[in-house]
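Work through the exercises below with the sequence and the coordinates open beside you. Each task sentence is followed by a solution that proceeds step by step.

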Amino acid sequence: MNIVLIGFMGSGKSTVAKHMSQKLQLEWVEMDALVLHRTNTRSMHEVFAKGGELLLRESEIAIAKEIAGHPNAVISTGGGVVHNRIILDYFKKAGASVIFLHAQFATIAQRIGSDPSRPLFQDLPTAQKLYEFRLPLYFTYADKVIDVDTKSPDLIAQTIQEFHGL
Ligand code: S3P
């Protein structure tokens, strides 16, 4: 089975996915890295410079289609995959379990507020609007929601494991 982690930027998807893959000997698939590979770029800023957000979203759809059927993988998605329902449809059709790592915006702002590497997190008010727009989408697609603000990656991984009886 596949475990797909969704959530806003800075919610810990990659950290938790890496941790889980080591602990449970699952393949770790990082969608952002595959986007860079597919678009022949080295950063999200380069992706945006090359083809705008459209290139990112089209790449994510193509990648989801390719990786949805990987057996025994933990997939860390980019924070914006919920904009395209088709991505979640690919994962769910393949039997994946979708886990929403739910962090409060204040937690996220504290973690990545000064990280310039994310094109869609350039200033707090705009990022907060995006967060509020997406929040109901994350809840809609989640098979399980985990409040992560005060939890370590290890505890989050353990909660996901218990949910799946692993
Ligand atoms: C994005 C999140 C990023 C990356 C891109 C766009 C978003 O991934 O895909 O910069 O739209 O939220 P992380 O959630 O891993 O930071």
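The exercises that follow concern a predicted model, and they treat the ligand site before turning to single residues.

**Exercise 1.** Determine which residues come nearest to the ligand, and which polar atoms lie beside its oxygen atoms.

*Solution.* Begin with the shell: there are 13 residues around the ligand, and those that come nearest are Lys-13, Asp-32, Arg-57, Gly-79 and Arg-134. Next, take the polar contacts, for which a pair of N or O atoms must lie within 3.5 Å. In the side chain of Arg-57, an N or O atom is found 2.7 Å from an oxygen atom of the ligand, and a polar side-chain atom of Arg-134 is likewise 2.7 Å from a ligand oxygen. Gly-79 takes part through its backbone, where an N or O atom lies 2.9 Å from an oxygen atom of the ligand. Finally, consider the surface: the ligand taken alone exposes 380 Å², of which the protein buries 96%.

**Exercise 2.** Describe the space that the ligand takes, the make-up of the shell by class, and the helix that gives the most to this shell.

*Solution.* The space taken by the ligand is the largest pocket. Sorting the shell by class then gives 5 nonpolar, 3 polar and 5 charged residues. As a last step, assign the shell residues to elements: helix α3, which spans residues 44-67, gives the most, with 3 residues.

**Exercise 3.** Decide whether Ser-11 is buried or exposed, and locate the partner of its side chain.

*Solution.* First place the residue: Ser-11 belongs to the loop between β1 (3-6) and α1 (13-24). Its relative accessible area is 2%, and because buried means under 20%, Ser-11 counts as buried. A polar atom of the Ser-11 side chain lies 2.7 Å from the backbone oxygen of Phe-8.

**Exercise 4.** Classify Gly-52 and Met-31 by accessibility, and set separation along the chain beside distance in space for each.

*Solution.* Start with Gly-52, which lies in helix α3. Its relative accessibility is 22%, and since the partly exposed class runs between 20% and 50%, Gly-52 counts as partly exposed. From Gly-52 to Leu-34 there are 18 residues along the chain, and their C-alpha atoms are separated by 17 Å.

Now turn to Met-31, which lies in helix α2 (residues 31-39). With a relative accessible area of 0%, Met-31 is buried. For the pair Met-31 and His-83, the separation is 52 residues in sequence, while the C-alpha to C-alpha distance is 15 Å.

Conventions: Residues are numbered from 1 along each chain as its sequence is written. This is a predicted model: local features need pLDDT of at least 70, side-chain atom pairs count only at pLDDT 80 or more; totals for chains, interfaces and linings use all residues. Side-chain values use heavy atoms; hydrogens and water are left out. A residue is near a molecule or strand if one of its heavy atoms lies within 4 Å of it. A polar contact is a pair of N or O atoms within 3.5 Å; within protein, one must be able to donate a hydrogen and the other to accept it, and residues adjacent in sequence count only if both atoms are side-chain atoms. Accessible areas come from the Shrake-Rupley method with a 1.4 Å probe; for residues, only the protein chains shown count as cover. On a 1 Å grid over the protein atoms alone, a cavity is a set of points where a 1.4 Å probe fits but cannot get out, and a pocket is an open set with protein on both sides within 12 Å along at least five of seven lines; lining residues have an atom within 4 Å of a point. A molecule sits in a cavity or pocket if more than half of its atoms lie within 2 Å of its grid points. Helices (H or I, at least four residues) and strands (E, at least two) are DSSP runs, numbered from the N terminus. Ala, Val, Leu, Ile, Met, Phe, Trp, Tyr, Cys and Pro count as nonpolar, Asp, Glu, Lys and Arg as charged, and the others, Gly among them, as polar. Buried means under 20% relative accessible area, exposed over 50%, partly exposed in between (1.4 Å probe, protein chains only).
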